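Reader: Before I accept the labels used for this model, I would like to hear how each of them is justified.

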Amino acid sequence: MRLLKRIGFRLLVGVGVLWGAATLAFAALHLTAGDPALAILGGPDARPTQEVLEQVRREYGLDDPVIVQYLHYLGRVATGDLGQSYVLRVPVLDAIGEQIWSTAQLALIAATTAILLALTIALLTARRRPWLRSLVSGVEVVLAATPTFVIGFALLIVFSFTLRLFPIGGNSGPSSVVLPALTSALSVVGTLSQVLRNELEEVLEQPFILTARTRGMRDASVRVLHALRHAVIPTVTMSGFLVAALLGGSVITETLFARQGLGTLLLNAVYAKDVPVVLGVVILSAGVYVVINLAVDIAYSLIDPRVVTA
């Protein structure tokens, strides 16, 4: 019952976040200087006719009072209507739908790779010899401090230009996603493995770990079966950071590797002043964060029910 109440509360918070994102998007459209209808059509460079401008004003109700426009806009967003891209000449939802799978695929593979790498590094180095921990910590700091595009360039030089193992870019075939996913994963794995190792080292000093060792359990079994479950909670907490980093980094990664996806769609929309698409991607991103935070809350209850009852 407490879990259901917690999920219900989180859903209400999520609705509030989405309402805030939609409100900010509405304010961004109407508080910017100039005609909102012209901004929706792509700015002065689009050179729309007067008929098209009038059509947009009627469609968005721009001649109505602002509060009526705002309520009309919220109603449209609530029903999944994010407007029309007059630059791409398709509904915004269709434009996003055509690109979202590519970005979701890249983010999923990158997140899985980053989590597996972080778990492996933390399990192998926690409470080990000082020189090994110092060496790994140094590599983690370098990875955390290195910009994503530098990591991508390094991987391209080694694996594409020199060894010719993977294509330089594009969306054709499974091999084309390897370097972009590895680039995104390496940009977050340093931070993840540091947090997980520090928590794992604290857990390994707890009395129940000593009890498990005195029963004759092997070191690997103690780490995986007993310590890891208690140490993984901070990593679950960082899932929001992980998703934010991967989505934010998708603009850089997809541009560097010439991949189609939401990052490329957003960048092109910014260049073309395609306001409806930019606002649609912003609202979609807020929705993704709401879903991820809800999933993290449910994961807490599965890993440690005391978090829910606290």
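Reader: What makes Ile157, Val158, Phe161, Leu163, Leu165 and Ile168 a nonpolar patch on the surface?

Author: A patch is made of residues with over 30% relative accessible area and no salt bridge (a side-chain nitrogen of Lys or Arg within 4 Å of a carboxyl oxygen of Asp or Glu), and nonpolar side chains (Val, Leu, Ile, Met, Phe, Trp, Tyr) are joined within 5 Å. These six residues form such a patch, with about 550 Å² of accessible area together, by the Shrake-Rupley method with a 1.4 Å probe. The model is predicted: local features need pLDDT of at least 70, side-chain atom pairs count only at pLDDT 80 or more, and totals for chains, interfaces and linings use all residues. Residues are numbered from 1 along each chain as its sequence is written, and side-chain values use heavy atoms, without hydrogens and water.

Reader: Why is Ile157 called partly exposed?

Author: Because its relative accessibility is 46%, and buried means under 20%, exposed over 50% and partly exposed in between, Ile157 counts as partly exposed. Ile157 is placed in helix H7 (residues 148-162), a helix being a DSSP run (H or I) of at least four residues.

Reader: Which residues touch the most other members of the largest nonpolar core?

Author: In that core of 26 residues they are Val56, Tyr73 and Ile96, where a core is a set of buried Ala, Val, Leu, Ile, Met, Phe, Trp, Tyr and Cys residues joined through side-chain atoms within 4.5 Å. A second, separate core of 21 residues includes Ala111, Leu155, Ala185 and Val189.

Key:
Patch = residues over 30% accessible without salt bridge, like charges linked within 9 Å, V, L, I, M, F, W, Y side chains within 5 Å. Helix = DSSP H or I, 4+ residues; strand = E, 2+ residues; numbered from the N terminus. Buried < 20%, exposed > 50% of the residue type's maximum accessible area, 1.4 Å probe, protein only.
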